[in-house]
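Subject: The structure, and what turned up in it

Hi,

Here is the structure I promised to pass on. Have a look at it first, and then read on for my notes.

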Amino acid sequence: MAEKDIDKLLSLTDSKYRLSVVVAKRAIQLRSGAPSVLPHEQRVQYRNLVTQSMRELATGRLSVGEDLIDEDRMNLDYQRARQAQLQAQLNAERDRDRD
């Protein structure tokens, strides 16, 4: 890991393995549409989601432990929201075609 805050990140967990797992899970959450805690300028700067996850963890705004969001529930919520968005687009197209 070529991260300047690696010592701080390692202090948040009990091992390098757990840090890797936490960062990977956060990257998956970001890919699934979870909101980032970083300002927009930094999100654009770090297009790699693993790097972005590490930077988010270094800010101290994320918690590490058992109380994290359940990924299955988050993915299901994301899929439902996406399906509702697509349905709204389809309804709008149908309404436009009727006019």
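Below is what came out of going through the model, starting with the whole chain and then moving to single helices and residues.

One thing to keep in mind throughout: this is a predicted model.

**The chain as a whole**

You won't find any strands here: the secondary structure comes to five helices and zero strands. Following the sequence, that gives the pattern α-α-α-α-α. The chain has 99 residues, and 22% of them count as buried. About 7500 Å² of the chain is exposed, with carbon and sulfur atoms supplying 48% of that area. If you take the contacts between residues at least 6 apart in sequence, 53% of them join residues at least 24 apart.

**Helix H2 and its two sides**

H2 runs over residues 16-31. Its length works out as it should: with 16 residues at 1.5 Å each, the expected span is 22 Å, and the end C-alpha atoms are indeed 22 Å apart, so the two agree.

Which residues of H2 are buried? They are Leu19, Val22, Val23, Arg26, Ala27, Gln29 and Leu30. Because these residues cover an arc of only 160° around the axis, they sit on the same side of H2. Tyr17 and Arg31, on the other side of the helix, are exposed. After H2 comes Gly33, which has a positive phi, near 110°.

**The loop before H2**

Between helix H1 (6-12) and H2 there is a loop, and Asp14 lies in it. Thr13 belongs to that loop as well. Are these two buried or exposed? Thr13 has a relative accessible area of 12%, under the 20% cut-off, so it is buried. Asp14 stands at 59%, over the 50% cut-off, and therefore counts as exposed.

Each side chain has a partner. The one of Thr13 reaches the backbone oxygen of Ser15 at 3.1 Å. The one of Asp14 makes a polar contact of 2.7 Å with the side chain of Arg18, and that pair turns up again just below.

**Salt bridges**

How many salt bridges does the structure hold? There are three, and I'll take them one by one.

- Arg18 with Asp14: the closest N and O atoms are 2.7 Å apart. Arg18 has a relative accessible area of 43%, which makes it partly exposed.
- Glu56 with Arg26: the closest N and O atoms are 2.5 Å apart. This pair links distant parts of the chain, with Glu56 in helix H4 (residues 49-59) and Arg26 in helix H2, 30 residues apart. Both Glu56 and Arg26 are buried.
- Arg98 with Asp95: here the closest N and O atoms are 3.7 Å apart. Both residues lie in helix H5 (residues 71-98), three residues apart, or about one turn of the helix. Arg98 is exposed, with a relative accessible area of 66%, whereas Asp95 is partly exposed at 41%.

If you want to look at one of these on screen, could you start with Glu56 and Arg26, the pair that joins H4 to H2?

**Helix H4**

Glu56 is one of the buried residues of H4; the others are Gln52, Ser53, Met54, Arg55, Leu57 and Ala58. What caps the N-terminal end of this helix? Asn48 does, with a side-chain oxygen 2.9 Å from the backbone nitrogen of Val50. H4 is followed by Gly60, and the phi of Gly60 is positive, near 85°.

**One more contact in H5**

Back in H5, there is also Arg82. The side chain of Arg82 makes a polar contact of 2.7 Å with the side chain of Gln85. With a relative accessible area of 37%, Arg82 is partly exposed.

That's the tour. Send me any questions once you've had a look.

Cheers

Notes: Residues are numbered from 1 along each chain as its sequence is written. This is a predicted model: local features need pLDDT of at least 70, side-chain atom pairs count only at pLDDT 80 or more; totals for chains, interfaces and linings use all residues. Side-chain values use heavy atoms; hydrogens and water are left out. Helices (H or I, at least four residues) and strands (E, at least two) are DSSP runs, numbered from the N terminus. Buried means under 20% relative accessible area, exposed over 50%, partly exposed in between (1.4 Å probe, protein chains only). A polar contact is a pair of N or O atoms within 3.5 Å; within protein, one must be able to donate a hydrogen and the other to accept it, and residues adjacent in sequence count only if both atoms are side-chain atoms. A salt bridge is a side-chain nitrogen of Lys or Arg within 4 Å of a carboxyl oxygen of Asp or Glu. The expected span of a helix is 1.5 Å times one less than its number of residues. The arc is that of the directions from the helix axis to the C-beta atoms. Contact means heavy atoms within 4.5 Å. Accessible areas come from the Shrake-Rupley method with a 1.4 Å probe; for residues, only the protein chains shown count as cover.
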